[in-house]
Every structure is written in structure tokens, then in C-alpha cells.
Amino acid sequence: MIQVHHLNNSRSQRILWLLEELQLPYEIVQHTRNTESNLAPESLLAVHPLGKSPLIVDDGEVVIESAAIVEYIVRKHGGGRLTTDYNSPDYPRYLQLLHYSEGSAMLPLMLNMYVGRLGDAGAPLHDRIQSEMHNHLSYLDTELGDKNYFMGSEFSAVDVQLSFTIEIARFMNVLDNKAHLNQFLERIHARPAYQKAVARGGEYPFGG
Ligand SMILES: N[C@@H](CCC(=O)N[C@@H](CS)C(=O)NCC(=O)O)C(=O)O
């Protein structure tokens, strides 16, 4: 059975959600952030030297990185569900969006969080960070457009992978004028599998 090393309030919530969507059995190994530093506990470092979540163990194999984990699960256990075939004309879009979330869109959001802690000392970077956040979130808002999901009318693993980025953006109050993305969040939060995953994963303030 797949073991998910799950950290509270983190990206691993979307892995629980994916497994619920696919109705696959899984076990949660819970790790709790240090209340002062907000970092992962030593228990995660015992499983992988980076000590980051999400991390899964499947049949003795440790897999890290959300996009890799999402792709691993759908390809290995999904039976063709929630993904696109390599020969499909949709495949390039699927692959790009799957990797875009962590590869590009998260960076300005993370910078916003870290540089924000510097207060006035971070001022020289504020404009650039704001414009990059707007650039990436506008791109995603346009890519989604009037569609229900990023690949069209059908829900896919790309929606799972992009969800955390969009949730964090809303949590940081930088999603106000992105109507499509706000509607997307309402849509995914209403999915029974999403709600089941939050109930199993526990504390997750970005999901409401
Ligand atoms: N790009 C990685 C990021 C992993 C990551 O930074 N996870 C955070 C949780 S959202 C974490 O483990 N933070 C705890 C720490 O850095 O100690 C992924 O998508 O898996």
C-alpha cells in the first residue's frame, strides 16, 4: 500500500486528494511542523535527506517532488485515469502544466513569503516579486479561462498539482482579481474526494 508522509499545512495535502480521487488505498504517516520554525520535524529527515513533504513510499521505493509523485501515482496505479496518453495532442499541455506549478509559479509566491519577513529591508525586491506573481497568476487565469478544469471539461492530475499554488496565492491575498482561479478553487473544494482528503489529512487552512 502507498505510504504518504504527510506534513500538516503542506503540499502533501494534494497527494492525499489525488489518491482519494483515484480511490486507491493509502496509509498516512503524519509529521507535524515545529510550531516556532514551521519546519518539518526530524522524523521526515529520517526518511529522506531533504526532509521535505510530500514524500511517498511505494513498495520500498521513496519518491519525492509533488509533480513526480503525481505522475508516478497516475502512471503506475491510475489505470489511465486523470492523465493523458503520450500520443495524445493534449500531452504537451498536460506535461507543461504539471511541471509549471512547482517549476515556475511557486517561486514568486515563496519569495513573497520569505522577503515579506524582511520588512522594509526587502523593499528593493517588492515590485519585482509583485509583478512576477501577477505575471504567473494572470497566465494561469487565462489558461483556465471559462473551462472547468485546466485540461478542459475533464478533471485531471494537473488540477491537483496546480491546486496548492492557487490556494497559497489566495491565502496570501493576491488572487482578488483572478475570477477564473477563484471559481476553480470553489469547484475543487466542492469535490467529495477533496473533502475526504482534508478530513483524513487534518489541519489545512488553505482549503476553505
Ligand atoms: N518542490 C517540492 C517542495 C517541497 C517542500 O518544500 N515542501 C514543504 C511543505 S509545503 C516542506 O516540506 N517544508 C518543511 C521544511 O522545509 O522543513 C515539492 O513540490 O514537493
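## Helix α1 and the residue after it

In this predicted model, Gln-23 takes a positive phi of about 55 degrees, just after α1. The helix itself covers residues 12-21. Ten of its ten residues are buried, so α1 is largely enclosed by the rest of the structure.

The buried set of α1 includes polar and charged residues as well as nonpolar ones: Ser-12, Gln-13, Arg-14, Glu-20 and Glu-21 are on the list, alongside Ile-15, Leu-16, Trp-17, Leu-18 and Leu-19. Three of these residues recur below: Trp-17 in an aromatic pair, Leu-18 in the largest nonpolar core, and Ser-12 in a polar contact with Ser-53.

## Aromatic pairs

The structure holds nine aromatic pairs. In one of them, the ring centres of Trp-17 and Tyr-194 are 5.1 Å apart and the planes stand at 75 degrees; an angle over 60 degrees counts as edge-to-face, so this pair is edge-to-face. The pair links distant parts of the chain, with Trp-17 in α1 and Tyr-194 in helix α8 (residues 192-201), 177 residues apart. Both Trp-17 and Tyr-194 are buried. Ring pairs also join these two residues with Tyr-149 and Phe-155 in a cluster.

Another pair is formed by Phe-171 and Phe-206, whose ring centres are 4.7 Å apart with planes at 85 degrees, so this pair is edge-to-face too. Phe-171 belongs to helix α6 (residues 157-171), while Phe-206 lies in the segment after α8, 35 residues away along the chain. The two rings differ in exposure: Phe-171 has 49% relative accessibility and counts as partly exposed, whereas Phe-206 is buried at 12%.

## Charges over rings

Two arginines sit over aromatic rings. The charged end of Arg-191 is 3.7 Å from the ring centre of Phe-155, a member of the cluster that contains Trp-17. Arg-200 lies over the face of Tyr-26, at 4.1 Å from the ring centre.

## Ligand surroundings

There are 13 residues around the ligand, and those that come nearest are Arg-11, Ala-40, Lys-52, Ser-53 and Ser-66. A polar backbone atom of Ala-40 is 2.8 Å from an oxygen atom of the ligand. From side chains, an N or O atom of Lys-52 is 2.5 Å from a ligand oxygen, and a polar atom of Ser-66 is 2.6 Å from a ligand oxygen. Taken alone, the ligand exposes 510 Å², of which the protein buries 84%.

Ser-53, one of the nearest residues, is in the loop between α2 (42-45) and β3 (55-58). Its relative accessible area is 12%, under the 20% limit, so Ser-53 is buried. The side chain of Ser-53 reaches the backbone nitrogen of Leu-7 at 3.4 Å. It also makes a polar contact of 3.1 Å with the side chain of Ser-12, a residue of α1.

## Nonpolar core

The largest nonpolar core has 56 residues, and the members that touch the most others are Leu-18, Ile-56, Ile-73, Phe-150 and Ile-166. Elements giving two or more residues to this core are β1 (2-7), α1, α3 (66-77), α4 (91-116), α5 (123-144), α6, α7 (179-189) and α8. Of these, α4 gives the most, with nine residues.

Methods:
Residues numbered from 1 in each chain as written. Predicted model: local features only at pLDDT ≥ 70, side-chain atom pairs only at ≥ 80, totals over all residues. Heavy atoms only, no water. Phe/Tyr/Trp six-rings, centres within 6.5 Å; stacked < 30°, edge-to-face > 60°. Helix = DSSP H or I, 4+ residues; strand = E, 2+ residues; numbered from the N terminus. Buried < 20%, exposed > 50% of the residue type's maximum accessible area, 1.4 Å probe, protein only. Lys NZ or Arg CZ within 6 Å of the ring centre and 35° of its normal. Near = heavy atom within 4 Å. Polar contact = N/O pair within 3.5 Å; in protein donor to acceptor, adjacent residues only side chain to side chain. Areas by Shrake-Rupley, 256 points an atom, 1.4 Å probe, with all protein chains shown as cover. Core = buried A, V, L, I, M, F, W, Y, C linked by side-chain atoms within 4.5 Å.
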